[in-house]
Amino acid sequence: MIWATAAEIDTLEPHEVHLWRVHLIQPEAAIQGCRALLAPDELARANRFHFAKDRNRFTIARAMLRNVLGRYLKIRPQQVGFTYGAQEKPDLKPELNPRNFRFNLSHSGEYALLAVTPGLEVGVDIELFRPDFGTQEIADRFFSPREAQILLALPAEQKVEAFFKCWTRKEAYVKALGGGLSIPLDSFDIAFAPGETPALLRVAGRPEEIARWRLYNLEAAPNYAAALLVEGQEHQLKYFNWALEMGK
């Protein structure tokens, strides 16, 4: 998986999914440039973070979101406008979005990922490995019984990576639906064991969901798990690095 620099990318073909990655540790001058792209409500959200590192990471991720969407919409980043659903999932304002671009943003640790595609629901998630995290305890409490048993059976050296692969794949599904905490994580199963092809295996009461989606593993960075879920079965994925100078 190669993440390319893409200064001129501004078009999306049907069934393409563009993945954008940005490193969230940046010099102060670059962060101030990102702040200049944000709307007042986004700046207010950023300022509510207690720690500067969290404030800066939010700012950079939102600047990437505005810049990338502005490219596809052929407008300036500051002109990108959002609406928010019941679970605070953002959508583009309909009057700006005749091609029905769908997108999803995730950040963890030092990286953020953005997925954009025309006309297809999409979810993306990234998580930094945390070896001190109570993986089995969390799995027993929140994952499906099948998933918890698979994790329990793995050797200790495989548990952390497997847990976060499971977590990101489940989060990608929840985010694609826009359901947030209203969707119990134990109400569906995904494939995540070493050697298994990523897949949505079961959704309680909704068997048609299995054919609706395709799940992808993403290699975002060392010591990170990441996943992408997209409507349909045939997609062309392209991977790009977002450089902060692109936002100017």
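## The five-stranded sheet

In this predicted model, 5 strands build an open sheet in the order β1-β12-β2-β6-β5. Their pairing is mixed. The edges belong to β1 (4-5) and β5 (101-108). Each of these two has a single partner strand, so one side of each is left without a neighbour in the sheet. Strands of a sheet pair through backbone hydrogen bonds, either parallel or antiparallel.

Look next at the β5 end of the order. β5 and β6 run antiparallel and are joined by 8 bridges. Within that pairing, H107 has A112 in β6 as its bridge partner.

## The three-stranded sheet

A further open sheet has 3 strands, in the order β7-β11-β10. Here the pairing is antiparallel. β7 (122-128) and β10 (213-218) take the edges. Each has a single partner strand, so one side of each lacks a neighbour in the sheet. From one strand to the next, the twist averages 15°.

How many bridges pair β7 with β11? There are 7, linking β7 to β11 (residues 224-231) in the antiparallel sense. One position to find on screen is E127, which stands opposite A225 in β11.

This sheet also carries a helix. Helix α6 (residues 156-177) lies across β7, β10 and β11. The helix runs at about 150° to β7.

## E121, between β6 and β7

E121 sits in the loop between β6 (111-118) and β7. Which residues does E121 touch, leaving aside those up to four places away in sequence? The list is K89, R102, A176, R212, W213, L229, V230 and E231.

One of these neighbours also makes a polar contact. The side chains of E121 and R102 meet in a polar contact at 3.1 Å. F101 gives a second reference point. E121 and F101 are 20 residues apart in sequence, and their C-alpha atoms are 9.0 Å apart in space.

## Helix α3 and its partners

Take α2 with α3 to begin. The axes of helix α2 (residues 40-47) and helix α3 (residues 52-73) come within 8 Å. They cross at roughly 155°. That angle is over 145 degrees, so α2 counts as roughly antiparallel to α3. The crossing is right-handed. On the α2 side, the contact uses E42, R45, A46 and N47. On the α3 side, it uses R55, F58, T59, R62 and R66. By class, this contact of α2 with α3 holds 5 charged, 2 polar and 2 nonpolar residues.

Helix α1 (residues 28-35) also packs with α3. Their axes are 9 Å apart, and the angle is about 55°. This makes α1 oblique to α3. The crossing of α1 past α3 is left-handed. I31, C34 and R35 of α1 meet N56, T59, I60 and A63 of α3. The residues of this contact divide into 4 nonpolar, 2 polar and 1 charged. T59 appears in the α3 list for α2, and T59 appears again in the α3 list for α1.

## Helix α4 against α6

Helix α6, which lies across β7, β10 and β11, has a helical contact too. The axes of helix α4 (residues 135-142) and α6 come within 10 Å. They cross at roughly 35°. Is this crossing left-handed or right-handed? The crossing of α4 and α6 is left-handed.

From α4, the contact is made by T135, Q136, I138 and A139. From α6, it is made by K159, F163 and W167. By class, the contact of α4 with α6 has 4 nonpolar, 2 polar and 1 charged residues.

How values were computed. Residues numbered from 1 in each chain as written. Predicted model: local features only at pLDDT ≥ 70, side-chain atom pairs only at ≥ 80, totals over all residues. Heavy atoms only, no water. Pairing = 2+ DSSP bridges. Helix = DSSP H or I, 4+ residues; strand = E, 2+ residues; numbered from the N terminus. Axes fitted to C-alpha atoms, helices over the stretch in contact; angles between N-to-C directions. Contact = heavy atoms within 4.5 Å. Parallel < 35°, antiparallel > 145°, perpendicular 65-115°, else oblique. Left-handed = near helix turned anticlockwise from the far one by under 90°. Nonpolar A, V, L, I, M, F, W, Y, C, P; charged D, E, K, R; others polar. Polar contact = N/O pair within 3.5 Å; in protein donor to acceptor, adjacent residues only side chain to side chain.
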